[in-house]
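Hi there,

Here is the structure I promised to pass on to you. Have a look at it first, and then read on for what turned up.

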Amino acid sequence: MICLHLKSYLPAFLALVALGSPLCLRAASGSENTASYVTAHIDTLDGKTVSLDVVAVRLMRPFTTNESFVVLGAGTWDDENNSRGGKMLVIANKDDKDKLVGRYGTTPEHQGRDVETKSMRGVVRLADVEGFPPLVYLDLTDGAFEPTAEQLRELAGMHGGPRGRRGPPEGRGDGPPSTDQDSDDGKLPY
């Protein structure tokens, strides 16, 4: 008798779950202008122009393999959920470094409880580097940055190091301290 009663509500329950699933997935990955959202949807966004709501940038250690470009870490803010939106590596022309730091700043600006963001547009790229987690970065170079395998390894080392260990990639000796995006010593809190 109880089973018959539950079976009559099962279609309605499944319909509610089906309707709520896309909303839950969207909330879990944040608004479309965050690093978290872009990373979660990289399958469909790879190679496309995206806009990120950036609160601040931080200059990462410079490329050792190509001095024409700089690497920045960009912190994003999720306006819809009023929360941090994740961080993303950004590749820019060396000549644009000062302009980018001036525009986005190095510390987030608050107005009461509101966090000020500025839009950053670029082409999002996905790179697979052997021994590293998938690498997602924003290219602001209008296609001028064509990374070599060594540059991708260097970027992946900045992003989080090889799988299963922390620190610089093998062969880097006692290089600079790790610049893992998620352990930036509080310099880029978003």
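Let's begin with Asp96, which is partly exposed, with a relative accessible area of 22%. Please keep in mind that this is a predicted model. Asp96 has a charged partner: Lys99 forms a salt bridge with it, and the closest N and O atoms are 4.0 Å apart. Lys99 itself is exposed, at 57% relative accessible area, because the label "exposed" applies to anything over 50%.

How many salt bridges does the structure hold? There are three, and the one between Lys99 and Asp96 has just been described. Another links Lys118 with Glu116, where the closest N and O atoms are 3.5 Å apart. Both of these residues are partly exposed: Lys118 has a relative accessibility of 22%, and Glu116 has 29%.

In the remaining pair, the side chains of Asp139 and Arg125 meet, at 4.0 Å from N to O. Asp139 belongs to strand 7 and Arg125 to strand 6, so this salt bridge ties together parts that are 14 residues apart in sequence. Is Asp139 buried or exposed? Asp139 is buried, with a relative accessibility of 3%, while Arg125 is partly exposed at 27%.

Now for the strands. Five of them make a closed barrel in the order 1-2-3-7-6, with mixed pairing. On average, neighbouring strands of this sheet are turned by 55 degrees against each other, direction ignored.

You can follow several of the pairings on your screen:

- Strand 2 (residues 69-78) and strand 3 (residues 83-93) run antiparallel and are joined by nine bridges. For example, Val70 has Ala92 in strand 3 as its bridge partner.
- Strand 1 (residues 49-59) pairs with strand 6 (residues 118-127) over six bridges, also in the antiparallel sense. Here Thr49 stands opposite Val123 of strand 6.
- Strand 6 is also joined to strand 7 (residues 135-139), antiparallel again, by five bridges. In this pairing, Ala127 has Leu135 of strand 7 as its partner.

Strands 6 and 7 should sound familiar, since they hold Arg125 and Asp139. The two strands are thus linked by backbone bridges as well as by a salt bridge between side chains.

What packs on the sheet? Helix 4 (residues 97-104) does, touching strand 1, strand 2, strand 3 and strand 6. The direction of helix 4 makes about 90 degrees with that of strand 1.

Enjoy exploring it!

Best wishes

Note on methods. Residues are numbered from 1 along each chain as its sequence is written. This is a predicted model: local features need pLDDT of at least 70, side-chain atom pairs count only at pLDDT 80 or more; totals for chains, interfaces and linings use all residues. Side-chain values use heavy atoms; hydrogens and water are left out. Two strands pair if DSSP finds at least two bridges between them. Helices (H or I, at least four residues) and strands (E, at least two) are DSSP runs, numbered from the N terminus. Buried means under 20% relative accessible area, exposed over 50%, partly exposed in between (1.4 Å probe, protein chains only). Axes are lines fitted to C-alpha atoms, for helices over the stretch in contact, and angles run from 0 to 180 degrees between N-to-C directions. Contact means heavy atoms within 4.5 Å.
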